Amino acid sequence: MQANGAGGGQQQQPPPPSSQGPELGCLNAQNGEASSGSSAGEQLAHANGLLPSATNSSGGGGGGPSVNNGVSAPGGSAVEMGGGSGVGIGGSALKKKKRLSQSDEDVIRLIGQHLHGLGLNQTVDLLMQESGCRLEHPSATKFRNHVMEGEWDKAENDLNELKPLVHSPHAIVRMKFLLLQQKYLEYLEDGKVLEALQVLRCELTPLKYNTERIHILSGYLMCSHAEDLRAKAEWEGKGTTSRSKLLDKLQTYLPPSVMLPPRRLQNLLRQAVELQRDRCLYHNTKLDNNLDSVSLLIDHVCSRKQFPCYTQQILTEHCNEVWFCKFSNDGTKLATGSKDTTVIIWQVDPDTHQLKLLKTLEGHAYGVSYIAWSPDDNYLVACGPDDCSELWLWNVQTGELRTKMSQSHEDSLTSVAWNPDGKRFVTGGQRGQFYQCDLDGNLLDSWEGVRVQCLWCLSDGKTVLASDTHQRIRGYNFEDLTDRNIVQEDHPIMSFTISKNGRLALLNVATQGVHLWDLQDRVLVRKYQGVTQGFYTIHSCFGGHNEDFIASGSEVQVDAVIPVISVNDDKRSNDHKVYIWHKRSELPIAELTGHTRTVNCVSWNPQISSMMASASDDGTVRIWGPAPFVDNQDIEEECSSMDS
């Protein structure tokens with residue numbers, strides 16, 4: 001039998017049995033002789049067809065014979081070894097050991113740590129032996145074992161050995177404090193009060209570290225039983241669990257070259273999965289961070305077909321322009337307000353995500369341009385356009401009008417926001433009115449001379465944000481009657497909304513489009529491109545899982561009243577789309593078509609991340625969702641196209 005086409009024409013006789021041990025067999029192989037001591041490792045090498053090269057033991061250079069798959073190296077002759085089929089047990093020794101790179105060593109150590117955590121200790125030993133790597137420093141291994149066995153005196157001695165390997169001189173003190181704290185608590189749990197007191201007085205206190213914690217530890221001496229101690233100390237008790245947690249804390253003070261951080265490979269994989277999700281433009285679902293819930297064999301890619309880019313339903317019950325739409329806080333209802341003087345409440349089917357008409361609230365003489373749900377969704381406030389001086393407060397459950405408020409016929413009440421307590425709301429308009437009222441419409445407070453464009457109550461229950469005619473957003477405190485400037489734009493702020501955490505503000509700015517502001521740092525974060533925004537009031541929104549997305553309507557330019565922003569007039573004249581951006585990207589990830597006139601408002605369902613509604617001057621409300629009849633094959637095809 002010929003190997004790799006070498007040695008053809010010569011029949012090799014099998015070597016006689018050898019009584020030499022494997023060491024001598026390896027030595028003979030290194031001297032260019034075939035070892036007779038065949039082992040499992042040799043058979044494996046033969047099966048793989050591997051023919052390692054042998055270097056001259058004298059190291060003299062080009063004069064000695066060299067084996068390279070049965071082909072002679074320059075300056076030497078081919079050496080046939082056992083019929084050219086391979087080498088013996090010392091085959092790996094024939095090949096000069098390749099020096100591992102630092103990254104290779106790191107990967108081997110990470111794999112070893114993971115296998116060790118699975119209990120595959122023999123596999124770890126073999127891996128370390130074959131690679132020549134070391135999972136951790138020998139002193140760290142002793143330290144680990146002594147901590148897990150509760151041999152605290154030995155663990156303290158190990159710290160002295162580790163001291164030269166620790167970068168920070170204070171780290172050893174902190175580590176010793178943690179060790180002694182565990183020792184102290186275990187003595188107390190075992191009822192060894194005198195020993196525990198000795199540790200506290202003679203070992204912990206002389207460290208002169210974290211005296212506040214020492215005072216707390218001393219208080220545990222008064223615990224009457226072990227359960228009381230564990231509860232007050234928030235400690236799992238003596239055993240593997242608490243010692244493992246202690247070891248995790250101790251490892252943070254040691255360099256990774258000495259002892260790897262706990263579960264390092266799992267943490268790296270989890271970070272990689274999270275990073276892929278963050279970079280996925282269409283990721284819109286809440287996934288478990290547990291690695292068992294994802295596949296590590298493929299990259300994470302969400303299909304656009306799973307994103308709310310497709311019309312699921314068109315609501316046509318309004319008979320005029322629809323100016324506003326808003327989902328309830330629990331996501332079960334949608335309220336739409338129209339120029340036709342009605343508010344329609346729609347019920348969301350939790351299974352099919354289809355909407356059906358629930359109630360029609362009538363009598364808003366000027367039309368409905370703004371709607372706000374109470375925090376508990378029991379009430380709904382409706383406002384009208386600029387010439388409307390009235391405000392309607394409806395009981396959503398009964399459909400009855402609870403309050404119709406009007407302070408003066410000269411008022412303009414165009415915006416409203418609920419206080420988080422659900423017992424008060426603020427309202428105002430561009431004629432200088434700014435009121436705080438109760439559920440019966442009684443005036444509680446007022447702020448004079450503020451021409452309000454849009455309102456929002458912060459979660460602190462004290463601060464109200466208001467955009468005004470001075471192209472700014474200011475914060476007003478009704479308790480101490482103070483105000484401060486928060487956002488300043490160069491153009492009129494037509495509307496704004498605030499993220500759930502109160503950190504970000506999304507502004508629709510006249511002739512500029514959609515801007516994202518950081519309210520804490522008071523800086524402009526991003527300007528989103530693509531949308532057509534003139535001097536009409538368009539309401540954008542945050543939405544999707546974790547509010548990672550932004551959606552906004554867009555105007556239709558029909559004449560020269562609205563200043564031209566783009567040179568592409570043809571595109572602008574047809575622009576009546578819904579735009580969606582990922583919060584971190586200025587360019588839209590989706591442009592939804594279907595409306596035929598200006599899209600005044602977009603609302604994302606706060607509980608169903610794949611549902612969105614848009615209201616338009618074309619008299620319709622569109623419900624957007626994933627593509628119908630999406631199957632796995634479609635998703636895989638789209639993922640493949642995205643990868644390519």
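Colleague: Of the contacts in the protein chain with a separation of 6 or more, what percentage is between residues 24 or more positions apart?

Modeller: Happy to start there, with the reminder that this is a predicted model. The chain holds 15 helices and 30 strands. Among its contacts with a separation of 6 or more, the share from residues 24 or more positions apart is 50%.

Colleague: Thanks! And what part of the 644 residues is buried?

Modeller: Here a residue is buried when its relative accessible area is under 20%. The accessible surface of the chain comes to about 33,100 Å², and 49% of that belongs to carbon and sulfur atoms. Of the 644 residues, the buried ones make up 45%.

Colleague: Let's look at the largest pocket. Which residues are the closest to its centre?

Modeller: The volume of this pocket is about 1,200 Å³. Its lining is made of 50 residues, and the closest to the centre are Lys326, Asn329, Trp456, Thr497 and Ile498.

Colleague: Which strands each supply at least two residues of that lining?

Modeller: By class, the lining has 26 nonpolar, 20 polar and 4 charged residues. The strands that each supply at least two lining residues are strand 4 (322-327), strand 8 (370-373), strand 12 (415-418), strand 16 (452-457), strand 20 (493-498), strand 21 (504-509), strand 24 (541-543) and strand 28 (599-604).

Colleague: Now to helix 7. Why do its buried residues lie on the same side?

Modeller: In helix 7, residues 152-162, the buried ones are Trp152, Ala155, Glu156, Asp158, Leu159 and Leu162. They lie on the same side of helix 7 because the arc they cover around the axis is only 155°.

Colleague: Which helices are included in what covers that buried side, and what is on the face turned away?

Modeller: The cover of the buried residues includes helix 6 (138-149), helix 8 (169-189), helix 9 (193-204) and helix 12 (240-251). On the face turned away from the buried side, the exposed residues are Asp153 and Asn160.

Colleague: How does helix 5 look, and what arc do its buried residues cover?

Modeller: Val124, Met128 and Ser131 are buried in helix 5, residues 121-131, and helix 4 (102-117) is included in what covers them. The face turned away carries the exposed residues Gln122, Asp125, Leu126, Gln129 and Glu130. Just after the helix, Gly132 takes a positive phi of about 75°. As for the buried residues, they are on the same side of helix 5, since their arc around the axis is only 80°.

Colleague: Is Glu234, with its positive phi, buried or exposed?

Modeller: Most residues other than glycine have a negative phi. Glu234 is not a glycine, yet its phi is positive at about 50°. This residue is found in the loop between helix 11 (226-233) and helix 12. Its relative accessibility is 73%, so Glu234 counts as exposed.

Colleague: And where is Thr341 found, and how does its accessibility count?

Modeller: Thr341 is not a glycine either, and it has a positive phi of about 75°. It is found in the loop between strand 5 (333-338) and strand 6 (343-348). With 25% relative accessibility, Thr341 counts as partly exposed.

Colleague: One last residue: is Thr427 buried or exposed?

Modeller: Thr427 lies in strand 13, residues 424-428. Leaving out residues up to four places away in sequence, Thr427 touches several others, including Cys383, Leu391, Met405, Phe434 and Leu455. Its C-alpha atom is separated by 8.6 Å from that of Val452, 25 residues apart along the chain. At 0% relative accessibility, Thr427 counts as buried.

Terms used. Residues numbered from 1 in each chain as written. Predicted model: local features only at pLDDT ≥ 70, side-chain atom pairs only at ≥ 80, totals over all residues. Heavy atoms only, no water. 1 Å grid on protein atoms, 1.4 Å probe; cavity = no way out; pocket = protein on both sides within 12 Å on 5 of 7 lines; lining within 4 Å. Points joined across faces, edges and corners; volume = space filled by probe spheres on them. Helix = DSSP H or I, 4+ residues; strand = E, 2+ residues; numbered from the N terminus. Nonpolar A, V, L, I, M, F, W, Y, C, P; charged D, E, K, R; others polar. Buried < 20%, exposed > 50% of the residue type's maximum accessible area, 1.4 Å probe, protein only. Contact = heavy atoms within 4.5 Å. Areas by Shrake-Rupley, 256 points an atom, 1.4 Å probe, with all protein chains shown as cover. Arc of directions from axis to C-beta.
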